[in-house]
Amino acid sequence: MYKGREGQWAFFLHRLSGVAILLYLILHTVSIGSTMLGEEVYGAVHKLYELMPFRLGLIGVAGAVAYHAFNGLRIVAMDFTSWGVKYQRQLWYAALVMAALFMLLTLYANLPRLFPDIFTYKTIWGR
Amino acid sequence: MQAVFKIHRFNPEKDKKPYWAEYTLEVDAKDRVLDVLHKIKWEIDGSLSFRRSCAHGICGSDAMLINGKNRLACKVLMMDLGGNTVTVEPIRGLSVEKDLIVDMTPFFESYEAVMPFFINDDAMPAREHLQSPEDREIYDASTKCILCACCTTSCPIFWVNGSYLGPAAIVQAHRFIFDSRDKGGAARLAMLNQNTGVWRCRTAYNCTEACPRDIPITDVIGQVKRAILYSNT
């Protein structure tokens, strides 16, 4: 692996999160589209998402979306302004912190759904 | 001190695939990596091949991937590497001809593509084309490029897409685009507005980190991006 610094990792993570979001969107569209095949099929497909890997995966998707969004703002600043490039490292750390915060928030909001036996408080959706 | 040099070697006439050759030798902390390579070539294994010319950081011949980063072998001291084991590989994204020597043809084709020469067909002034120090300052950084290819071959986009002109060619274009005396700016910007041009830059900053001349390359590419962007609106 080439020993690049923050910029290289920002770029790799941006690509990776972009691909993750794309895969999620394809899965999402196909899942919703399964309603065309009837209620049972739709129900069966969505039952799958109750499995733990999918529940946890959703937290990852939330993190990927948040990272992609905040690093996207960093890229806008770098491409459209003359100061963006000078502060790219600080902007990246800020994007990472924001993404982590969003991920933790999603995790917190989903704890009762993930571990119903341990966390019984009501989620922000009242369930 | 003792140093172990692991060199990525390949001779297309003999080897089926590249391999790591290891050399253990006595070096001085103040030796440059190039001095050690010389020592290996002259005293241990004469078949080791690498490029170097001036050996003083100006000709740009000895760009190599040293301990995972692109650098000039003649500008890195052993004591700056922080360790006794040193890996040396050819720069990436260009085909290896032998050991540390790569085919620089695509690199120089990109360089030629941006018309790296002064264009001004106006009537010649009686004396020099004058320029204010402030106007000269605008493109000062990009005049320092020595075409060593450290930047272009550190770029992840260039590794996977050789049609990208690359940071070095854009730096060379920048040197003329922002020269107040030059009249070829529009043609160069049009060239860099193509899908092989500046928009391929995904701001990974490897070029800026790798440049042995400390040119703020990503910043320079950004200036060209904005020149295209704002000239079209």
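Two strands are taken to pair if DSSP finds at least two bridges between them. In the predicted model described here, β3(B) and β5(B) satisfy this criterion with 2 bridges, and the two strands run antiparallel. One of these bridges sets Leu65(B) against Glu89(B) in β5(B); Ile66(B) has Val88(B) of β5(B) as its bridge partner.

The pairing of β3(B) with β5(B) belongs to an open sheet of 5 strands in chain B, arranged in the order β2-β1-β5-β3-β4 with mixed pairing. The edges of the sheet are occupied by β2 (19-26) and β4 (69-72) of chain B, each of which has a single partner strand, so one side of each is left without a neighbour in the sheet. From one strand to the next, the twist averages 35°.

At one end of the strand order, β1 (residues 2-9) of chain B is joined to β2(B) by 8 bridges, and the two strands run antiparallel. Within this pair, Val4(B) lies opposite Thr24(B) of β2(B). The sheet is also packed against by helix α1 (residues 33-44) of chain B, which touches β1, β2, β3 (63-66) and β5 (85-89) of chain B. The direction of this helix makes about 95° with that of β2(B).

The pairing of β1(B) with β5(B) is parallel and extends over 4 bridges. Val4(B) takes part here as well, with Thr85(B) as its bridge partner in β5(B). Val4(B) is thus placed between two strands, opposite Thr24(B) in β2(B) and bridged to Thr85(B) in β5(B).

At the other end of the order, β3(B) and β4(B) are connected by 4 bridges in the antiparallel sense, and Ala63(B) stands opposite Leu72(B) of β4(B). These strands form a hairpin with 2 residues between them. In the turn, Asn67(B) adopts a positive phi of about 50°.

The domain assignment divides chain B into domain 1 (2-102) and domain 2 (105-231). A distance of 29 Å separates the C-alpha centres of domain 1 and domain 2 of chain B. The contact between them involves 14 residues from domain 1 of chain B and 14 residues from domain 2 of chain B. On the side of domain 1 of chain B that touches domain 2 of chain B, the largest share comes from the edge strand β4(B), with 4 residues. By class, this side of domain 1 comprises 6 nonpolar, 4 polar and 4 charged residues.

Further along chain B, helix α5 (residues 167-177) and helix α8 (residues 217-231) pack with their axes 9 Å apart, at an angle of about 60°. With this angle, α5(B) is oblique to α8(B). The crossing of the two helices is left-handed. From α5(B), the contact draws on Pro167(B), Ile170(B), Val171(B), Ala173(B), His174(B) and Ile177(B). These residues meet Ile217(B), Val220(B), Ile221(B), Gln223(B), Val224(B) and Ala227(B) of α8(B). The residues of this contact comprise 10 nonpolar, 2 polar and no charged.

Helix α8(B) also takes part in the contact between the chains, to which chain B contributes 14 residues and chain A 12 residues. On the side of chain B that touches chain A, α7 (206-210) and α8 of chain B each supply at least two residues. The most is given by α8(B), with 4 residues. The classes represented on this side of chain B are 3 nonpolar, 6 polar and 5 charged residues.

In chain A, the axes of helix α1 (residues 6-33) and helix α3 (residues 52-80) come within 9 Å and cross at roughly 130°. This angle makes α1(A) oblique to α3(A), and the crossing is left-handed. The residues of α1(A) in the contact are Ala10(A), Leu13(A), His14(A), Ser17(A), Gly18(A), Ala20(A), Ile21(A) and Tyr24(A). Those of α3(A) are Val61(A), Ala64(A), Val65(A), Tyr67(A), His68(A) and Asn71(A). By class, the residues of the contact divide into 9 nonpolar, 5 polar and no charged.

Technical notes:
Residues numbered from 1 in each chain as written. Chains lettered and ligands numbered in written order. Predicted model: local features only at pLDDT ≥ 70, side-chain atom pairs only at ≥ 80, totals over all residues. Axes fitted to C-alpha atoms, helices over the stretch in contact; angles between N-to-C directions. Parallel < 35°, antiparallel > 145°, perpendicular 65-115°, else oblique. Left-handed = near helix turned anticlockwise from the far one by under 90°. Contact = placed C-beta atoms within 7 Å. Nonpolar A, V, L, I, M, F, W, Y, C, P; charged D, E, K, R; others polar. Domains from an automatic or database assignment.
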